[in-house]
Amino acid sequence: MPDRIADIWGSRTPHDRGTVWPARVDQHLVDGIAESDVERWVQSACLLCSNGCGCDIAVKDGRMVGVRGRATDVVNHGRLGPKGLYGSTPWAASPDRLTRPMVRESGRLVATDWDTAMGRIVEVSQRLLAENGPLTHGFYTSGQLFLEEYYTLAVIGKAGLGTPHMDGNTRLCTATAAAAMKESFGADGQPGSYTDIEHCDAVFLFGHNMAETQTVLWARILDRTRSDHPPRVVCVDPRRTPVAAEAERTGGVHLANRVGTNLALMNGLTRELLTNGWVDDAWVCAHTLGVEELRQTVEPYNPDEVGRICDVDPDDVRRAARIFGESPNVLSTVLQGFYQSHQATAASVAVNNLHLLRGMIGRPGAGILQMNGQPTAQNNRECGADGDLPGFRNWDNAQHVQELADLWNVDPLTIPHWAPPTNAMQIFSYAEQGSIELLWISATNPAVSMPDSARIRKVLSGDQCFVVVQDLFLTETAQLADVVLPAAGWGEKTGTFTNVNRTVHLSEKAVDPPGKARSDLDIFVMYADAMGFVDRDGGPLLSWRTPEETFDAWREASRGRPVDYTGLSYDRLRGPTGIAWPVNDQAPEGTDRLYTDPVFPTDTDQCETYGHDLLTGGAVTEQEHRAMAPAGRAFLRGCAHTPAHEEPNEQYPLLYTTGRTAYQFHTRTKTGRSRSLDAAAPDAWVELSTSDAERLGIIEGDLVRVESPRGAIEVRARVGHVMPGAVFAPFHYGSWDPAGTACDDRSRQANELTMTVWDPVSKQPYFKTAACRVTRIRHTDGPAPAPTTTASAPVDGGVAATRGGDVTSSVNLDRTPHYPNDPSLDTDPPAPTSTVAGRSS
């Protein structure tokens with residue numbers, strides 16, 4: 001019975017290039033439940049990272065009592081990660097669930113009924129609309145609702161109220177992924193596929209500690225790197241993560257560049273491709289625009305100059321570029337190390353440039369995955385709850401706006417399109433100033449997750465803005481609200497969601513929500529009905545009520561757009577696997593990878609954006625874009641590296657960067673209520689390099705104060721594998737603890753130190769480029785509460801190994817996934833290397 005806290009990725013099932021990844025079914029049941037006790041298994045997909053693993057929910061006596069992976073699902077082939085196994089269900093039975101609405105009376109939140117709570121929201125909403133119009137309303141949502149809920153909220157905001165003030169916490173997470181794809185390819189949507197892992201000769205991970213953020217996807221890579229013909233791994237990360245270790249093991253490269261210098265490194269890699277002739281000139285000429293401008297931009301970034309800026313060995317730059325330039329097929333993945341750092345969009349676009357220069361897109365093994373960090377972030381972007389228009393439409397294209405006006409039967413002038421959508425950072429600024437007077441927050445916890453936390457708490461607790469929070473628990477954010485609405489969670493409602501590589505899953509309702517909690521869809525519909533939103537003919541604006549009816553309405557919104565769902569239905573999604581969009585008459589079985597033509601949605605009348613100057617964020621106009629005559633060609637775009645906004649100085653000599661650990665998800669609302677996961681990473685810590693620790697007189701476990709110009713935390717130190725000059729802190733920890741306690745102590749909240757500064761194109765805030773100083777407070781008994789099984793492992797021994805719960809795991813070859821769009825993978829899988837079976841305790 002393997003302990004999947006201690007063994008994060010589970011047993012290996014190696015296989016060679018071009019063969020199917022063998023199935024391995026992982027299962028976990030709560031204490032005291034045997035498999036024979038399970039009354040039914042309900043179809044779903046995991047909601048605790050962005051991988052989107054197909055799974056089934058175990059139900060007994062009206063409770064969710066465990067999960068198992070779906071062997072036939074193309075995403076995970078039966079596997080689940082530690083968060084999925086141990087964190088999917090415990091939160092649902094937590095005694096501190098919200099079960100009744102709450103309203104603030106005399107400064108205190110008190111329980112009430114739905115009519116009273118919604119009545120208060122509607123009274124404020126109608127008054128503000130009458131007095132000052134729709135710009136008084138703002139919505140801040142999540143990457144963890146269902147597609148149906150995002151679409152409903154988007155229609156309410158855009159066609160009911162007419163406010164541009166809509167965004168999600170996806171702005172903090174992966175807004176840059178969308179921006180980078182729009183800038184290069186004309187529209188959002190992952191070009192690559194997870195199946196590219198089965199075909200690639202090299203894997204480049206740019207700012208992506210996949211081993212902790214998408215553990216099942218990393219297991220998929222490990223099963224290739226441990227095969228007879230492994231791909232080489234190249235890792236760009238300032239910490240020596242498990243990904244970096246695998247790069248060294250496979251003969252790849254670990255580029256531990258200085259925090260805030262990603263673009264300089266990428267310009268250097270691009271220059272090496274151009275200088276050494278590792279470019280498919282004919283393909284570039286036929287399918288791209290801008291190569292000569294890009295050549296001029298990157299010319300100054302020779303390996304020696306890149307080494308100076310990034311503090312890396314110039315020969316490592318040359319080696320990494322050679323691997324990219326000479327490998328027949330390269331898969332690249334990108335995540336927060338690029339998205340949340342300086343010049344985020346420009347650096348991420350540069351990854352696209354590498355693939356375009358080599359013509360490595362749209363074929364097996366040659367893919368780009370601009371990753372997401374949350375399970376339904378893709379749907380937020382698709383449906384327009386993040387401020388964009390639904391269906392990857394261009395808010396600056398009058399015809400696109402008219403399409404939605406016709407679909408919703410509203411005046412096109414109602415739909416806000418006179419200026420760019422308001423991003424999350426601006427929304428909170430407007431709430432701070434009082435121009436947004438009603439802010440509705442759903443399924444997210446900005447009091448912990450937003451940068452400059454002290455400022456956000458002040459915004460949410462002030463009298464200038466009426467705050468509504470819709471959530472599962474009384475989070476740090478909900479405690480500051482004027483109205484709190486109890487929401488149903490995963491497994492307690494039905495809906496669909498889409499993962500990183502565009503695979504759509506249906507999650508069926510398994511159990512009833514507790515008390516008076518309602519689904520987010522029902523809450524939004526209740527608000528729309530109470531507000532009396534109607535179309536031009538006087539009919540209800542929302543013509544749907546059930547999740548399936550909402551999905552059908554969304555399908556029509558997606559018709560003819562790059563994100564075409566018209567060939568999908570709930571019945572089709574009740575099959576053995578999720579299905580990747582677009583699904584339509586041209587691709588009835590779904591689409592494994594995009595741009596096999598290679599024709600890109602860059603035409604002026606089709607594209608989602610006309611583009612931007614990557615350095616300044618200045619928008620390209622429709623006339624300028626039309627003059628380029630893209631004709632389905634991709635854009636090669638670049639810009640010069642600039643220093644980060646906040647560089648180390650005499651007072652704050654170190655660089656502060658935040659991130660995630662394998663055992664917690666976001667602000668621990670769910671994972672913190674799992675005993676196994678919380679025991680593996682129970683409290684906050686910071687990581688220092690050996691040299692910095694020695695210089696500061698700090699040893700493992702010392703209590704230290706980490707301070708920036710904005711705030712400070714006091715946590716224990718892990719002397720670990722971060723590069724010298726950098727300090728790493730996990731961002732998960734707020735004032736709440738699993739015992740149910742909540743206090744005013746913010747001494748461990750990583751975002752006390754981060755800045756209110758964002759990327760000029762994606763508007764994603766920079767969590768990874770603050771200056772800080774570290775001072776020792778006192779010695780403590782014992783080590784830091786950081787895991788030993790991850791990138792947070794200590795440099796020296798003597799720290800007890802991280803351990804946790806058991807899981808049933810078995811290799812299963814009878815239900816091999818089927819690839820309707822990748823016949824090269826429809827082959828017999830290799831024999832398994834091991835079979836492990838047992839029941840969880």
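**Exercise 1. Determine where Leu703 lies, whether it is buried or exposed, and which residues it contacts.**

*Solution.* Step 1: Leu703 belongs to strand S24 (residues 703-707). Here helices (H or I, at least four residues) and strands (E, at least two) are DSSP runs numbered from the N terminus.

Step 2: this is a predicted model, in which local features need pLDDT of at least 70 and side-chain atom pairs count only at pLDDT 80 or more, whereas totals for chains, interfaces and linings use all residues. Residues are numbered from 1 along each chain as its sequence is written, and side-chain values use heavy atoms, with hydrogens and water left out.

Step 3: the relative accessibility of Leu703 is 12%, so Leu703 counts as buried. The cut-offs are under 20% relative accessible area for buried and over 50% for exposed, with partly exposed in between (1.4 Å probe, protein chains only).

Step 4: contact means heavy atoms within 4.5 Å. Neighbours within four places in sequence being left aside, Leu703 is in contact with Glu714, Val715 and Arg716, and also with Thr775, Arg776, Ile777, Arg778 and Thr780.

Step 5: Pro2 is 701 residues from Leu703 along the chain, and the C-alpha atoms of the two are separated by 34 Å.

**Exercise 2. Describe how strand S16 is enclosed and how it pairs with S15 and S17.**

*Solution.* Step 1: S16 spans residues 466-471, and 6 of its 6 residues are buried, so the strand is largely enclosed by the rest of the structure.

Step 2: in a regular strand the side chains alternate between the two faces of the sheet. In S16, one side carries Phe466, Val468 and Gln470 and the other carries Val467, Val469 and Asp471; both faces are covered.

Step 3: two strands pair if DSSP finds at least two bridges between them. Strand S15 (residues 438-442) runs parallel to S16 and is joined to it by 5 bridges. Within this pairing, Ile441 has Val469 in S16 as its bridge partner.

Step 4: strand S17 (residues 483-486) pairs with S16 over 4 bridges, again in the parallel sense. Pro486 in S17 stands opposite Asp471.

**Exercise 3. State the strand order of the open sheet that contains S19, and identify which strands stand at its edges.**

*Solution.* Step 1: the sheet has 3 strands in the order S18-S19-S20, paired antiparallel.

Step 2: strand S18 (495-498) and strand S20 (579-580) are the edges; each has a single partner strand, so one side of each is left without a neighbour in the sheet.

Step 3: strand S19 (residues 503-507) is joined to S20 by 2 bridges. Val504 has Ile579 in S20 as its bridge partner.

**Exercise 4. Locate the cis peptide bonds before Pro582 and Pro598, and the positive phi values of Arg502 and Arg668.**

*Solution.* Step 1: the bond from Trp581 to Pro582 is cis, with omega near 0°. Pro582 is placed in the loop between S20 and helix H24 (622-628).

Step 2: Asp597 and Pro598 are likewise joined by a cis peptide bond, omega being about 0°. Pro598 is also in the loop between S20 and H24.

Step 3: Arg502, a residue other than glycine, has a positive phi near 75°. Arg502 lies in the loop between S18 and S19, and its relative accessible area of 0% makes it buried.

Step 4: phi of Arg668 is positive as well, near 70°. The loop that holds Arg668 runs between strand S22 (654-659) and helix H25 (675-680). Arg668 is buried, at a relative accessible area of 0%.

**Exercise 5. Establish how many residues of helix H5 are buried, what covers them, and which residue follows the helix.**

*Solution.* Step 1: in helix H5 (residues 175-185), 11 of 11 residues are buried, and the helix is mostly covered. Among them are Met181, Lys182, Glu183 and Phe185.

Step 2: the cover includes the helices H4 (170-173), H14 (336-339), H15 (344-358) and H16 (377-383). Strands S14 (368-370) and S21 (634-635) also contribute to it.

Step 3: Gly186 follows H5, with a positive phi near 95°.

**Exercise 6. State how many helices and strands the protein chain has, and what percentage of its residues count as buried.**

*Solution.* Step 1: the protein chain has 26 helices and 28 strands.

Step 2: of its 841 residues, 66% count as buried.
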